[in-house]
Amino acid sequence: ASPVASPGASPAASPGATPGATPGATPATAAEIGQQGIPHSTDTSKGTINLYSSWPLTGASEQIGGDSAESVRLAIELYGGAAGGFALTYSALDDGLAANNGAWDAAREAEVATQVLNDPDAVAYIGTYNSGAAAVSIPILNQAVPPMGMVSPANTAVGLTKSLEGVTEADEPGRYYPSGVRNYMRVVPTDDIQGGASAIWAYNVLGSRRAYVLHDNQIYGKGVAQVFRDVFEQLGGEILGFEAYQADAPDYQALMAGIADAGPDILYVGAIVNLNTSKVLQDMRTVMPVDQVAFLGPDGLINQAFVDGAGDAAEGAYLTFSGVTPQQLQGAGADWYTRMKERIGGREPDAYSVYAFEAAIVVLQAIDRVGAKDRAAILEAMMSTEGFQGLLGTWSFDENGDRDTVTVSLNVVQGGQITFQEFISA
């Protein structure tokens with residue numbers, strides 16, 4: 001993939017129109033994506049708008065973050081490097097720490113969000129990947145006057161936008177919005193959908209009755225694990241254990257021996273790839289063979305780094321995703337897939353780069369609609385997105401800033417590749 005810009009680096013996208021772009025019209029290759037009927041202009045006479053994204057770009061997140069940044073670049077290029085009368089630049093900022101396998105860092109995310117907020121030529125924020133990082137940056141952007149709009153291609157923790165008994169904390173989501181104005185949106189379904197769908201599939205389709213649940217003790221991982229636990233129990237299943245694992249442990253042999261003794265038929269792990277989950281799966285398979293105990297994880301693990309890290313132990317692992325893997329896309333999605341593969345050297349694009357493209361289009365269309373460097377108006381335009389024709393279907397933002405339509409897929413690792421199996425009930 002093309003190199004990702006670091007903080008302070010020259011933007012990756014050059015202003016101006018791409019060859020063949022027609023002033024006053026949406027480029028033909030992008031015409032099927034987004035809200036219909038929004039005029040697009042490649043005029044740049046009003047000046048420059050700087051676009052930024054924030055997510056991890058190194059370690060286990062190198063492909064996840066790099067592909068998403070490349071997908072944003074593709075969206076900008078399809079728009080001719082312009083929107084609303086402004087030339088566009090783009091910088092992909094890194095909220096992760098290379099020394100921690102690329103995992104997101106709270107201090108770093110706060111620094112990135114503040115950097116963008118203080119740029120007078122920035123009008124919106126594309127990020128974050130990790131829900132815990134969003135909990136840091138949403139209030140920073142929200143308490144600004146006016147608040148800056150933020151759209152995430154990957155956050156799924158329920159409490160960022162709504163409350164759910166047994167899953168969210170008492171002051172969620174209110175604590176993220178000190179101004180009282182909602183400034184945050186996401187183009188992915190929330191964990192109450194994915195965690196519940198996972199439990200329904202495990203109980204009704206796989207036939208599991210005894211589950212053990214691990215999580216990484218972060219907002220995302222623990223939240224999706226709690227939903228899986230609650231729905232699995234509601235269906236009549238037995239939860240043999242629910243606990244956090246130590247992400248920096250050298251091995252999990254003792255933990256897995258104890259879990260094996262409990263006799264589960266499925267192990268559910270709510271976690272992200274950066275937190276030693278490949279090692280968790282490796283050590284699980286030393287005492288729990290794939291034909292005896294299933295492994296099921298959420299979309300925080302649906303990336304090649306997790307599979308490669310686990311090696312042979314990854315074979316047969318089940319992974320859910322709020323959507324479909326890129327190679328399953330059709331129509332405009334198939335065109336995006338072809339373009340992305342060419343841009344990243346022919347390998348499979350990361351699943352979340354699909355949503356990064358949609359998040360970028362939300363911002364680009366808001367700039368086109370407003371036609372001014374007005375953060376408040378652009379936030380309003382982003383929040384009012386409706387009838388968005390995306391790569392994964394048509395959707396609108398609800399009053400919470402959440403996507404109002406849902407697709408959840410089940411995938412399995414076969415031959416070292418994440419392979420789509422079926423859509424599952426949400």
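Me: In which sense do strand β11 and β14 run, and how many bridges join them?

Reply: Strands are DSSP runs of E with at least two residues, helices are runs of H or I with at least four, and both are numbered from the N terminus. Two strands pair if DSSP finds at least two bridges between them. Strand β11 (residues 318–321) and β14 run antiparallel, and the bridges that join them number 4.

Me: What pLDDT do local features need in this model?

Reply: Residues are numbered from 1 along each chain as its sequence is written, and side-chain values use heavy atoms, with hydrogens and water left out. This is a predicted model, in which totals for chains, interfaces and linings use all residues, side-chain atom pairs count only at pLDDT 80 or more, and local features need pLDDT of at least 70.

Me: Which residue of β14 is the bridge partner of Phe321?

Reply: Strand β14 comprises residues 409–414, and 5 of its 6 residues are buried; buried means under 20% relative accessible area, exposed over 50%, and partly exposed in between (1.4 Å probe, protein chains only). In β14, the partner of Phe321 is Ser409.

Me: Which residue in the hairpin of β14 and β15 takes a positive phi?

Reply: Strand β15 (residues 417–423) runs antiparallel to β14, and 6 bridges join the two. One such partnership links Leu410 to Glu422 in β15. The hairpin has 2 residues between its strands, and the residue with a positive phi near 60° is Gly415.

Me: Which are the edge strands of the open sheet of 6 strands?

Reply: The open sheet has mixed pairing and the order β2-β3-β1-β4-β5-β6. An edge strand pairs on one side only, and the two here are β2 (82–83) and β6 (184–186).

Me: What angle does the direction of helix α1 make with that of β3?

Reply: Helix α1 (residues 62–78) packs on the sheet and touches β1, β3 and β4, where contact means heavy atoms within 4.5 Å. Axes are lines fitted to C-alpha atoms, for helices over the stretch in contact, and angles run from 0 to 180 degrees between N-to-C directions. For α1 and β3 the angle is about 175°.

Me: How far apart are the closest N and O atoms of Glu70 and Arg73?

Reply: A salt bridge is a side-chain nitrogen of Lys or Arg within 4 Å of a carboxyl oxygen of Asp or Glu. Glu70 and Arg73 both lie in helix α1, 3 residues apart, which is about one turn of the helix, and both residues are buried. Their salt bridge has its closest N and O atoms at 2.8 Å.

Me: Is Glu111 buried or partly exposed?

Reply: Arg108 and Glu111 meet in a salt bridge of 3.0 Å, N to O. They are separated by about one helical turn because they stand 3 residues apart in helix α2 (residues 106–117). Arg108 counts as buried at 13% relative accessibility, whereas Glu111, with a relative accessible area of 48%, is partly exposed.

Me: Which residue forms a salt bridge with Asp283?

Reply: Asp283 lies in helix α7 (residues 277–285) and is buried, with a relative accessible area of 2%. Leaving aside neighbours within four places in sequence, Asp283 is in contact with Asp251, Tyr252, Gln253 and Met256. The salt-bridge partner stands 4 residues away in α7, so about one helical turn separates the two. With closest N and O atoms 3.2 Å apart, the partner is Lys279.
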